[in-house]
Amino acid sequence: MAAAVSEAGALGMIGVAAAATGEWITKEAAVASGGPYGVGLMAWALTGNPAQFDAVLELRPTIVSVSFGPYARYVEELRQAGITVVTQAGTTDEARAAEQAGVDAVVARGAEAGGHGRDAVGTLPLLQSVLDAVSVPVLAAGGISTARGLAAVLAAGAAGAWVGTAFMGCAETALSEPATERLLAAEETDTAYGRVFDIAQRLDWPPEFGGRALRNAFFDRWAGREDELAVDEDAPVRQAAARAEGDFDTACIYAGQAVGMVRERRTAADVVAGFAAAEGLLARFA
């Protein structure tokens, strides 16, 4: 996926799970390294898995996003290696702290975004505030899945958009067929934010960073009962089995509120080409 996005003219990112090994990163980077690419790291996971950081330093990708936890300690070493460093901020104060930490750019990540982050502020109000608060380039994330969304954040002053959900229906995705079918059928109101899936899978995400995923029966059953879920010994087993069996009434699919606009299988190149229409939209106001 990262290689396909980059080949199409955007910048593809390799997202690194907490348990991923350094060898896994190196293997994935070998596929994407024909052109520019980036790697996304979770700061909270690096303390227990330093091989991830070592692998990235050796690979020297174009850009590294290190977010969610004590990321500041890694910024200078990455920059000294010639790597552009960004971090995701869910509040204006987080964006200010990121600039002080020396990042090259800030990703203003609104609550609409899929996956993990804060549920504090929507993309548009956050973007406006962050643009006024920092002098480094700002990328907008959350709810951007078409040229209209890209044009909107560019018009506001963003340097670009950080997009995930729009690519989830692509032919290059690692999602299983049952997961993809579920995703393509989802409406804009079919996501939910919380810690249910993290607790069920015994993932050590810091509690301030919940996840936005497609709402399902498992989420509805356990939302508000997270303390009970934390001591349910069978929960991790049920989640693993559900993923293997394609049971997405139980297993999670992380996705943002833009999922309602992801309606068909396309290639990554098609999605990137669609975003290019933002230029014409912006020209109407030139």
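Mentor: In this predicted model, a salt bridge is a side-chain nitrogen of Lys or Arg within 4 Å of a carboxyl oxygen of Asp or Glu.

Trainee: How many salt bridges does that rule give?

Mentor: The rule requires a side-chain nitrogen of Lys or Arg within 4 Å of a carboxyl oxygen of Asp or Glu. Applied to this model, the count of salt bridges comes to 10.

Trainee: Which residue forms a salt bridge with aspartate 104, and at what N to O distance?

Mentor: Aspartate 104 sits in the loop between helix H6 (92-101) and strand E5 (105-109), and its partner is in helix H5 (residues 72-80). The two residues are 25 residues apart, and the pair links distant parts of the chain. The side chains meet at 3.0 Å, N to O, and the partner is arginine 79.

Trainee: Is arginine 79 buried, partly exposed or exposed?

Mentor: Buried means under 20% relative accessible area and exposed means over 50%. Its partner aspartate 104, at 22% relative accessibility, counts as partly exposed. Arginine 79 has a relative accessible area of 38%, so arginine 79 is also partly exposed.

Trainee: What N to O distance is found in the salt bridge of aspartate 119 and arginine 212?

Mentor: The side chains of aspartate 119 and arginine 212 meet in a salt bridge. Aspartate 119 lies in the loop between strand E6 (115-117) and helix H7 (123-133), and arginine 212 lies in strand E10 (residues 210-214), so the pair ties together parts that are 93 residues apart in sequence. The N to O distance is 3.2 Å.

Trainee: Is arginine 212 buried or exposed?

Mentor: Aspartate 119 has a relative accessible area of 40% and is partly exposed. The limit for a buried residue is under 20%. Arginine 212 has a relative accessible area of 6%, and therefore arginine 212 is buried.

Trainee: Which residue forms a salt bridge with glutamate 187?

Mentor: Glutamate 187 has its closest N and O contact with the partner at 2.8 Å. Glutamate 187 lies in the loop between helix H9 (177-185) and strand E9 (191-194), whereas the partner is in the loop between helix H13 (235-245) and helix H14 (268-275), so parts 76 residues apart in sequence are tied together. Glutamate 187, at 39% relative accessibility, is partly exposed, and the partner is partly exposed at 41%. That partner is arginine 263.

Trainee: Is glutamine 88 buried or exposed?

Mentor: Glutamine 88 is found in strand E4 (residues 84-89). Beyond residues up to four places away in sequence, glutamine 88 touches Ser65, Ser67, Phe68, Glu94, Val107, Arg109 and Trp162. Its relative accessibility is 18%, so glutamine 88 counts as buried.

Trainee: Against which elements do the buried residues of H4 pack?

Mentor: Helix H4 covers residues 51-59, and Gln52, Phe53, Ala55, Val56 and Leu57 are buried there. The buried residues of H4 pack against helix H2 (22-32), strand E2 (37-42), helix H3 (43-46), strand E3 (63-67) and H5.

Trainee: What phi does arginine 60 take?

Mentor: Arginine 60 comes just after H4, and its place is in the loop between H4 and E3. Arginine 60 is not a glycine, although its phi is positive. The value is about 55°.

Trainee: Phi of arginine 202 is near what value?

Mentor: Arginine 202 lies in the loop between helix H10 (196-201) and E10. Arginine 202 is partly exposed, with a relative accessible area of 33%. Its phi is positive in a residue other than glycine, and the value is near 60°.

Conventions. Residues numbered from 1 in each chain as written. Predicted model: local features only at pLDDT ≥ 70, side-chain atom pairs only at ≥ 80, totals over all residues. Heavy atoms only, no water. Helix = DSSP H or I, 4+ residues; strand = E, 2+ residues; numbered from the N terminus. Buried < 20%, exposed > 50% of the residue type's maximum accessible area, 1.4 Å probe, protein only. Contact = heavy atoms within 4.5 Å.
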